[in-house]
Every structure is written in structure tokens, then in C-alpha cells.
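Hi,

Here is the structure I promised to send over. Have a look at it first, and my notes on the packing follow below.

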Amino acid sequence: MALVNGQFLKLSESYLFSEIAKKVNSFKVIHPEAKVIRLGIGDVTLPLPAVAIDALHKATDEMATAETFRGYGPEQGYRFLIDAIIKHDYEARGISLDPDEVFVSDGAKSDTGNIGDILSKDNRIAVTDPVYPVYVDTNVMGCRAGERRENGSWSNIVYIPCNAENGFVPELPTIRPDVIYLCLPNNPTGTALKKQELKKWVDYAIDNDILILFDAAYEAYIRENNVPHSIYEIKGAKRVAIEFKSFSKTAGFTGLRCGYTVVPKELKAFNFAGEKVGLNRLWNRRQCTKFNGAPYIVQRAAEALYSPEGRVQIKSMINYYMNNATLLRENLKSIGLSVFGGVNAPYIWIKAPNGLTSWKFFDRLLYERHIVGTPGVGFGPEGEGYLRLTAFGKLEDTKEAIERLTTWII
Ligand code: MLT
């Protein structure tokens, strides 16, 4: 008799964004005529940069002849992409990395979800609350979460509350965890930490033998000075942190799928005998066993983003979305809503007016204004009473959403 992983039965029926998609589909059945503006899931709307399209065409043609055809590539990624990543994303910021510390993948969602494979189920996990649901759900699947409480939190997870009182800036936890997930700039609140604030976390991790899983998927949206683009800008971070990056939001690769994870060789965790073990070797072992590398043509497209033209095209894409963020932020503030984020991140975090719950606000927004957001409580108990809008919509849709919101009597 085959037994299921019972942890899955403890999870809510669907993943947050699947649940929202279901609700929107039901709405569309009842109101087929409604023009729904989707500012829920953080999916991009602009087409791929021209350099990526050219590289895809060229690489596809290479696949058509025996001389240039590629089969299995290196599980860790092709050197042409790894070298470009190191040169532009790290050396340009004074960080040196060896090529075998960078692992190209099909995106940060997979890597942040899969990283638990190399960590014992006995680790105590800490997350900021609210948080990207993948971190918590995959730790439930990996038997590290304990039991689900009534408010949706998990008994073995340490929650670090981020709320209006602390300006959504996480404070060091009072219970010492073994592993901490940090997503900065933050999804969903849009918070970014200055170098000094992030240094506090790195020092805490060094002093307490804690592993930081640093999700920097939104790094390209940082606008303010002194906000680190990589955790390795902080001295000592290579000893305590794994960093995840993605081309999804940086270059519109949500459908193409490519990202990378940095596992420094000096980063160590412990075995049960209390001996230090390098995580780089374990992640390499995991990837070689379970992953056959991101597609060649996709890696060529990612490489092209680092060309001078590619960098200009990406910048203009990010400016486009950040203009949406500014429009949302300023206009929603002007009608008296409490709005956070949208400065170093493409997310706007809104306090639901009149004490509405997240889901009530979501429903009313959908049914009365035909706008899709993401209920804050879907990101954790502290998100209750909030809703997230993304800046990844088309400019005209964003403007129309603002128009619908500013003329709304809630
Ligand atoms: C989000 O909306 O939070 C993101 O699109 C989810 C993701 O990147 O997987």
C-alpha cells in the first residue's frame, strides 16, 4: 500500500495564487462582460527584451544543425551565463565568486522551494510574517512546520512580525532559529533594508550559527542608495548566506524560467556529529541528481541581458513598472488609504479601509471594481487586514485601476 506524504494533507487545499485564480474564474463566469484588471499575482506584462528574443532565435537555430545542437548541458549552468552573472551582478559590486559557487536554474521559486532537500527536518525555521508562501508551504512538505494553528500559522515555525508598528522592518527573533528566510526587497510588503540594518542580520547569523536563505528576486527594483543588492555586500555574509536571484521580474522571464542560486564554498552547516559540512557540495549533489540544467536557449537569452543593449532594455522595463508603482502609491495615498512599499519594490501594500479583512477587501475590490489584488492574510497572519497590488500591469490598466479606485465609495 502506498502512503502519501501526510504533510500535504495539512496544507490548505490550494496554493495562494491558484486559490485566487479560481475565485477570479468564478467571477468571470457570473460576469463575462466585466473587464477585469489583474494586479494580483506578480506576473509581468511587457514582452521580453529584444536582446533576449534575438538570442532565443539564434540559439534555436543552433539546435537545428548537428554541429551546433546541444543536448544535456551542465546541471549547474553554462559557463557563458555564469561568467556574465559573476562579472555584472557581483564583481561590479566588489564581490568575488568562483564559477562553481553559482548554480543556474529554472527560477527562484524552485530553488527556494527545493533548498530544504539539503537541510535536516530538525531545523527550526524562521520567516518574516507576512512572507512569500513558498517558504512556509515547502517547510510543511519537508516536515519542519509542526501543526497548523487556527490563524494559519504553524507551531514549529518562528514568525517575525512585520507590521505598521515596526514599519514592516523585521526585528531579530526572540527565539533562536537555525534557518531564517529573508526576502529583500520584500514580497509582499515592498520593504527594503539599508546596509546597516542588513548587517545586523548577518552578524546575528554569524554569532548564532544560523543559515540565512536570502531571496533577492526583486533586487533590480532597488532605487534608494545604501540598500544592498546582494547580501554578500555585507562582510562575513558568505559564511552564513545562500542567495537566490531570478530573471523573472528583472527581465520578464516569468514564462521563460531562469534564475540562479549562489552557495559560497565557505558556507557551512553541521552534521549530527557537530562537524561542519560545506553546503555547496550538497546543493551541487542535489542539483546533479534532480535537475538537468535550464534550457540552453533560455540561458543564451539570459546571457544577452548582460550586453550593453540588454542592460538598457532591462532598465527601461523596470522604470516602466516602477512608474506604475509610483502612480499607484501616490494616488492611493491621496484618497486617504494607508499605503506602503512601491519605492524599492514593484509591490504596493495597502491597509484595508474600515477594518475590512483581507478577503473581504479582495472580494469587494473584485466584485465592485473588477480589480484583482492579493489578500494580505494569504502571506501570513500579520498580513490580515492588508491587500497587495502589483505594479507589473500595463500602464493603461494601472491608470484605469487607479481611476476605478479613486471614484470608489468603500
Ligand atoms: C507573487 O505574486 O508573489 C509572485 O509572482 C510569485 C512568484 O514569483 O512565484
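Tyr232 is buried, at 7% relative accessible area, and its partner Tyr90 is buried too, at 0%. This is a predicted model, by the way. The two rings form a tilted aromatic pair, 6.4 Å centre to centre with 45° between the planes. That pair links distant parts of the chain: Tyr90 belongs to helix α4 (residues 79–90), while Tyr232 is in the loop between β6 (211–215) and β7 (241–246), 142 residues apart.

Another pair is Tyr347 with Phe392, which counts as edge-to-face because the planes are at 85°, with the centres 6.1 Å apart. Tyr347 is in strand β12 (residues 347–351) and Phe392 in the loop between β15 (386–390) and α13 (395–406), so parts 45 residues apart in sequence get tied together. Tyr347 is buried at 1%, and Phe392 is buried at 1% as well.

In total there are 25 aromatic pairs. Tyr15, Phe17, Phe168, Phe340, Trp349, Phe379 and Tyr386 make up one aromatic cluster. Lys351 lies over the face of Tyr386, 4.8 Å from the ring centre. Over at Trp359, the charged end of Lys23 sits above the ring, 4.9 Å from its centre.

Now the cores. The largest nonpolar one has 100 residues, with Leu81, Ile85, Ile231, Phe247, Phe253 and Leu389 making the most contacts inside it. Helix α11 (residues 308–334) gives the largest share, 8 residues, and both domain 1 (7–47 + 309–406) and domain 2 (54–307) supply at least three residues each. Leaving out residues up to four places away in sequence, Ile85 touches Tyr90, Val102, Val104, Phe247, Tyr260 and Tyr306. A second, separate core has 29 residues, including Leu11, Val131, Ala145 and Tyr181.

Cheers

Notes. Residues numbered from 1 in each chain as written. Predicted model: local features only at pLDDT ≥ 70, side-chain atom pairs only at ≥ 80, totals over all residues. Heavy atoms only, no water. Core = buried A, V, L, I, M, F, W, Y, C linked by side-chain atoms within 4.5 Å. Buried < 20%, exposed > 50% of the residue type's maximum accessible area, 1.4 Å probe, protein only. Helix = DSSP H or I, 4+ residues; strand = E, 2+ residues; numbered from the N terminus. Domains from an automatic or database assignment. Contact = heavy atoms within 4.5 Å. Phe/Tyr/Trp six-rings, centres within 6.5 Å; stacked < 30°, edge-to-face > 60°. Lys NZ or Arg CZ within 6 Å of the ring centre and 35° of its normal.
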